[in-house]
Amino acid sequence: MTRILLMGNPNVGKSALFSRLTGVQAIVSNYPGTTINYTRGYMKLGEETAEVIDVPGTYTLEPTSEAEEIALRLLDSGDIVINVANAINLERNLYLTLQLLERGIPMVVALNLWDDTRHRGVDIDLEKLRGLLGVPVIPTVALTGEGVKELVENVPRAISPHRPPGTRDQRWANIGKIIEQVQRISHRHHTWRERLADASVNQVSGGLIALAALASSFFVIRFIGEGLINYVLDPLFNNLWAPVILKLSQLLGGGGFLHDIVVGKIAGGEINFLQSFGLLTSGLYVPLGVVLPYIVAFYLVLGILEDTGYLPRLAVLMDTILHRLGLHGYTIIPNLLGLGCNVPAILATRILESKRERFIAATLISIAVPCAALQAMIFGLVGARGLEYVAIVYGTLFAVWIILGIILNHTVKGFSPELLIEIPPYRLPPWRAVLQKLWLRTYSFLAEAIPIILGAILAVNILYILGVFNAIANFTAPVVTGLLGLPKEAVTALVIGFLRKDVALGMLAPLALTSGQLVVGSVVLAMLFPCVATFVVMLRELGVVNMLKAVGIMIVAALVTGGILNLIL
Amino acid sequence: MHRFGGRFKDNKPEADPVTLAQLKSGQSGTVVDIQGGHRMTDRLNALGIIPGKKITKASAMLMRGPVTIEVDRVEVAIGFGMASKVMVRPDRVP
Ligand SMILES: Nc1nc2c(ncn2[C@@H]2O[C@H](COP(=O)(O)OP(=O)(O)OP(=O)(O)O)[C@@H](O)[C@H]2O)c(=O)[nH]1
Ligand SMILES: [Mg+2]
């Protein structure tokens, strides 16, 4: 099958174009480095079907990060390249174009973001550009689909004009000549977006904007999350689902092995969906009734932040602080992604240039950045004791993030490079794209989390029945009770935390803990062991040795922090 | 770098080159040299920072934080260390 590669500089709209060409949804965001892995789709090419690959963005064919290495490897496997270029700054984009042409692979150029050229005062002579490059050049607007049909018609005309290989300086000289002939820039006035752009990377106004953006994000997430729980999901579970479960409980005889696995424990005709721990009670209530509302709220807000183009500006503001942790400003993006789920966050570290940076970032994320599922449970359980306890949990995790980062910065060998990023223009988030992305992420949460949650609940029930938990509890009592001040049964939650942290926190609910104990339990659970999904990506991205190192750091950090909290609270 | 005065072209004095880190916010200039290794030069070139290019410094963060510039209608943020290796000749103020 013919394999078509979408290649180009970061943030030029490759993924948006990919979705247009194949109908497959890919994550589109307004910052460079969104795509860090390849996505595959198919399109009609005349009579036959061709495979289309959305490749991570790359500035040159000399890779500086794992994501760019992936792009380079994919290039060897392609038959045709659609080189997606940014019409607003063609000059810079042409470097990769020339490098690709020198490779001798058949190519067409999609001059994307064509809609921006008008109000940005950029005028490009397409005929001349076609002549100079020797390949078809099609203006496109991936956002609206404009030009996509012409692009598809021109893919079969992709050719290689056999450009001789050149050196870096020769290429830039050639590009200078091309630009002189094809591009005209007219003057224009500053827009409000550009004024906002300047304000958000200024030390003082930028700091205020960042505080306002983060604070309002937090309140909006909480407002939407709590709203969905109080007005939609709790009524659904309590009024519609509870009667069904009570009937089922009667049918199953009100007790026994099967009853406990399916329905769980029911005390006095009242169902506590969080504590009963049956597949159809807690197994559905945890993912749908507690976590889902926060997943929706979090990814809605994150999607809007991503699409406005604010995040790279936040990266600039955070750069000085993150340098103290051995990272640079850009790592704020993987860290924020980690507040949703640690798995894509650790994958996102592929855009970082050095191994050391990736190790520090992945370790910090897996230890001190709680995912949305865990946070939802923290709000539900700890929040019920008072918001000040929630604040202690967050404050502790933040302090661990900083302190551990400083320690790692002083102990991990290697170098951490400096920030160098392109800051995209502010854009109004296209609401359709925002909703599509929200759906994509919510769906993948449901598809990936529900089976594991049900599996975890099944495992809990079986391990209880077999008495395994009792044995573990007695064995670990010195640490759990002595060091952390928790009842010895709490260890079961720490064990299940390896499967799903949300279910694990739910296991602390029936233990009648004091508020202080609940805080210790939540913090230790958040820090100790990554869940199995995170564990697998860490293994893949860091390798066995570094993954083991990270886990070692994790265990020590969790026990020390838990021990200190136990002494204070 | 020249120690005294500037070179003369069209009978008007030209300012001495300064590093991008030293350039004042809001000031424009022309990139004259990148004093870094091959890899760093490659990366800066890829973002449009090439000798001969006109740039405008948009802002700088305190405490040796990153410098943001505008080059070819795009904003780019550059770490302080790298910005200290990019030589820029400031525009003459009319
Ligand atoms: N106005 C306009 N915006 C566009 C167009 N194409 C893409 N965008 C926006 O540009 C941003 C980047 O789009 P992506 O598709 O994520 O870019 P990408 O090339 O895949 O980026 P990386 O994966 O980071 O390399 C998003 O905010 C899109 O909504 C277009 O033709 N016009
Ligand atoms: Mg992409």
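1. Start with Thr35(A): this residue is buried, at 13% relative accessible area. Its OG1 atom, along with OG of Ser15(A), coordinates the magnesium ion (ligand 2) at 2.0 Å. Ser15(A) belongs to helix α1 (residues 14-22) of chain A, while Thr35(A) sits in the loop between α1 and β2 (39-45), so the two donors tie together parts that are 20 residues apart in sequence. Ser15(A) is buried too, with a relative accessible area of 9%.

2. A word on confidence: this is a predicted model. Chain A has a mean pLDDT of 93, and 99% of its residues reach 70 or more. If you want to know where to be careful in chain A, helix α8 (residues 192-200) has the lowest mean pLDDT among the elements, at 73. At the other end of the scale is strand β5 (residues 107-112) of chain A, which has the highest mean, 98.

3. Now the interface. Chain B and chain A bury about 2900 Å² between them, and 55% of that is on carbon and sulfur atoms. On the chain B side, Arg43(B), Arg73(B) and Glu75(B) lose the most area to chain A; together they account for 25% of what that side buries. By residue count, the contact takes 31 from chain B and 32 from chain A.

4. For the polar part of that interface, the count is four salt bridges between chain B and chain A. One to look at is Glu353(A) with Arg43(B), where the closest N and O atoms are 3.0 Å apart. There are also 10 residue pairs in polar contact between the two chains, with both residues at pLDDT 80 or more. On the side of chain B that touches chain A, the elements giving two or more residues are α1 (38-46), β5 (54-60), β7 (74-78) and α2 (80-83) of chain B. Of these, α1(B) gives the most, with eight residues.

5. Over all chains, a search of the whole structure turns up 25 salt bridges. Within chain B, Asp72(B) pairs with Lys53(B), with 2.9 Å between the closest N and O atoms. Asp72(B) is in the loop between β6 (67-71) and β7 of chain B, and Lys53(B) is in the loop between α1 and β5 of chain B, so this pair ties together parts that are 19 residues apart in sequence. Lys53(B) counts as buried, at 12% relative accessibility.

6. Chain A has its own set. Arg222(A) and Glu226(A) form a salt bridge, the closest N and O atoms being 3.7 Å apart. Both lie in helix α9 (residues 203-251) of chain A, four residues apart, about one turn of the helix. An α-helix has 3.6 residues a turn, so residues three or four places apart point the same way. Arg222(A) is partly exposed at 22%, and Glu226(A) is partly exposed at 25%.

7. Arg168(A) and Asp169(A) also meet in a salt bridge, at 3.7 Å from N to O. Here Arg168(A) counts as buried at 18% relative accessibility, whereas Asp169(A) is exposed at 53%. Elsewhere in chain A, a network of salt bridges links Glu306(A), Asp307(A), Lys437(A) and Arg441(A).

8. Last, have a look at helix α21 (residues 501-508) of chain A: eight of its eight residues are buried. Among them are Lys501(A) and Asp502(A), as well as Val503(A) and Leu505(A). The buried residues of α21(A) pack against several helices of chain A, including α11 (282-308), α18 (431-466) and α22 (515-527).

Terms used: Residues numbered from 1 in each chain as written. Chains lettered and ligands numbered in written order. Predicted model: local features only at pLDDT ≥ 70, side-chain atom pairs only at ≥ 80, totals over all residues. Heavy atoms only, no water. Donors = N, O, S within 2.8 Å, 3.2 Å for Na, K, Ca; no water. Buried < 20%, exposed > 50% of the residue type's maximum accessible area, 1.4 Å probe, protein only. pLDDT = per-residue confidence, 0-100. Contact = heavy atoms within 4.5 Å. Buried area = accessible area lost by both parts, 1.4 Å probe. Salt bridge = Lys/Arg side-chain N within 4 Å of Asp/Glu carboxyl O. Polar contact = N/O pair within 3.5 Å; in protein donor to acceptor, adjacent residues only side chain to side chain.
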